[in-house]
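Me: I have a structure open and should like to go through its packing and its empty spaces. Could we begin with how strands are paired?

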Amino acid sequence: MSSKALESTTFRLGNGKDVRIPIGQFINNEFVDSVSGARMDVYNPATGKVIGQVSEGDGADVDVAVKAARAAYEKDNRAWGFMKHYERGVLLNKLADLIEANREELAAIEATDTGKLYTQALNRDIMGVIKTIRYYAGYADKIMGHTYNAIPGVNAYTKLEPMGVCGQVIPWNFPASMWAWKIAPALATGNAVVIKSAENTPLSALKMCEYVREAGFPPGVFNLITGRGPTAGQAIADHMDIDKVAFTGSGPVGRKILEASAKSNLKRVTLELGGKSPNIIFDDVKSVKEAAEWALYGIEMNVGQVCVAGTRILVQDTIAEEFTAEFTKLMSAVKVGDPFDPSTTQGPLVSAPHWDRVNGWVKIACEDGATLALGGKDLREELGGGYYISPTIFTGVKKENRVLANEVFGPVVSIQTFSTEEEAIEEANRTSYGLASAVFSNNYERIQRMNDAIRAGTVWNNIYNFTSFAIPFGGYKESGIGRESGEAVLYNYLETKAVISNM
Ligand code: TAP
């Protein structure tokens, strides 16, 4: 078992600044080398160049972290989980304060590691992290059960107890936001955490561990593993002493996590998986231009690397021509380039393998007979070696086209037409996914009918890509199991104990 301390190292960020970032596994409030001593390269997606290395953890490190988490959870008769509700909130608020004080540096780290626009990293991602942590800090001392009068003379009530040690596996598209969405409710409800960041994007999570320690969380309550999915991630899913796993990522890996739970200790599992979200635009919309602007935000935010991205635009045939012209004009005006340049509106994709995956879907859509109406261009060489791809629109897409059923996770959108409400509903619900959807119309009754008919965890009305830590988020069908955010997520981290007393 390794406990060799690892020093922070200097990373050159995309804005030219040098920042020291810890590179070790964060276990028991220390940054330590992995048991194997292995390292993983960290890339800047805007240049395609390696900017440093972090320690690579695997199953052995997960085991060390789980032992630390278990010890912290059980210490002093479960002091963390059972006694210090108010103090847990205080610590979370301190953590949020530290992140806020360092928000610009963190946003620059996030933009460098992921390729997302610096302004988005700051205003949406890191500000969202701060608000999420504060929101759940407020819940720490408001976890309450119920009383029951079922049997006269018998006093019955429920206690909501932390689950124990929670494993969490997060993706690369919103590394800091997903970190906060996962750890804040788990810690607020009194659990100990072992979280694995994505191998592509470990930096913001590592930096925030410094603030966890500085905030004064007891050692072992929060642990971070930086490692790869098939080794470190799978070890979390398989582990016999982890009580619950929360996962965000792809469907195939979600299935592995569920299977691992069944084969190990039946740990509780919540899954936030992919989507193929329909964005439905009726001809009674208030403004076609406005609908096109929302559709642009629906596909372009974070270069389309968003599980709720509006990848399937369904537009009523009566306004299809006008909408397509308006939308194509907006997509053509997207400025692809350096995420730190304030005039850029689309950065690079996150990694070279992901660039290949997105480009592969563009080829498949063409092979299946769709019309490439815009984009589909490889911009890597032109823009200095980063993982750049042009905003892409497909029209004339037949129902059998594979691109309509699969998550592309890039700035690639299809436009289909429909004539009736029934047709729109059928097409909207036709995929195995059910994460998000949107309806644009100025007709209140129609909007209500559509809200009822669409099988998705979120239905936006005349807006797109609005999510909040305060609103439940998750999927119908194969888009996941359970809900995150809002009060709903707290129950993912709590067991209900019924006390039935004859005293
Ligand atoms: P995944 O492989 O699902 O990665 C998500 C997380 O799971 C990462 O931390 C990953 O680790 C980890 N992981 C991989 N294999 C695992 C295993 N056997 N056991 C436990 N954890 C494991 O997604 P990806 O390869 O990054 O992206 C593939 C596709 O997934 C994308 O194109 C997109 O369609 C979808 N995706 C969806 C989301 C959301 S928000 N729903 C997010 C990302 C990707 P490493 O990355 O460190 O290896």
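Reply: Two strands count as a pair if DSSP finds at least two bridges between them. Please note that this is a predicted model.

Me: Over how many bridges do S8 and S24 pair, and in which sense?
Reply: Strand S8, residues 155-162, pairs with S24 over eight bridges, in the antiparallel sense. One position to look at is Leu160, whose bridge partner in S24 is Thr496.

Me: In what order do the strands of that open sheet run?
Reply: The order is S7-S8-S24, three strands with antiparallel pairing. S7 (147-148) and S24 (494-501) are the edge strands, each pairing on one side only.

Me: Turning to helices, at what angle do the axes of H4 and H5 cross?
Reply: The crossing is at roughly 5°, and the axes come within 9 Å. H4 covers residues 118-139 and H5 covers residues 175-188. Angles under 35 degrees count as roughly parallel, so H4 and H5 are roughly parallel to each other.

Me: Which residues make the contact?
Reply: H4 contributes Asp125, Ile126, Val129, Thr132, Ile133 and Tyr136. From H5 come Ala176, Ser177, Trp179, Ala180, Trp181, Ala184, Pro185 and Ala188. By class, the contact of H4 with H5 has 11 nonpolar residues, two polar and one charged.

Me: And H1 with H2, what is the angle there?
Reply: Helix H1 (residues 59-82) packs against helix H2 (residues 85-101) at about 60°, the axes being 8 Å apart. That angle makes H1 oblique to H2. Trp80, Gly81 and Phe82 of H1 meet His85, Arg88 and Leu91 of H2. Three nonpolar residues, two polar and one charged make up this contact.

Me: Now the pockets. How much space lies in the second largest pocket?
Reply: The second largest pocket holds about 490 Å³. It is lined by 28 residues, of which Arg124, Ser177, Trp181, Thr467 and Ser468 are the closest to its centre.

Me: Which helix gives the most to that lining?
Reply: H4 gives the most to the lining of the second largest pocket, with eight residues. H4 and H5 each supply at least two residues of this lining. Ser177 and Trp181 belong to the H5 side of the contact with H4, and both are also listed among the residues closest to the pocket centre.

Me: What is the class division of the lining of the second largest pocket?
Reply: The lining of the second largest pocket divides into 15 nonpolar, nine polar and four charged residues.

Me: How many cavities of 30 Å³ or more does a search of the whole structure find?
Reply: The search finds two. The largest cavity contains about 70 Å³ of space. Its lining has 15 residues, with Pro278, Ala428, Tyr433, Gly434 and Ala436 the closest to its centre. Seven residues of that lining are nonpolar, four are polar and four are charged.

Me: What volume has the second largest cavity, and which residues line it?
Reply: The second largest cavity has a volume of about 40 Å³. Its lining consists of Lys276, Thr311, Phe394, Val403, Leu404, Val408, Val412, Val413 and Ser414.

Me: Which strand gives the most to the lining of the second largest cavity?
Reply: Strand S18, residues 412-418, gives the most, with three residues. The whole lining of the second largest cavity has six nonpolar, two polar and one charged residues.

Notes: Residues numbered from 1 in each chain as written. Predicted model: local features only at pLDDT ≥ 70, side-chain atom pairs only at ≥ 80, totals over all residues. Heavy atoms only, no water. Axes fitted to C-alpha atoms, helices over the stretch in contact; angles between N-to-C directions. Helix = DSSP H or I, 4+ residues; strand = E, 2+ residues; numbered from the N terminus. Parallel < 35°, antiparallel > 145°, perpendicular 65-115°, else oblique. Contact = heavy atoms within 4.5 Å. Nonpolar A, V, L, I, M, F, W, Y, C, P; charged D, E, K, R; others polar. 1 Å grid on protein atoms, 1.4 Å probe; cavity = no way out; pocket = protein on both sides within 12 Å on 5 of 7 lines; lining within 4 Å. Points joined across faces, edges and corners; volume = space filled by probe spheres on them.
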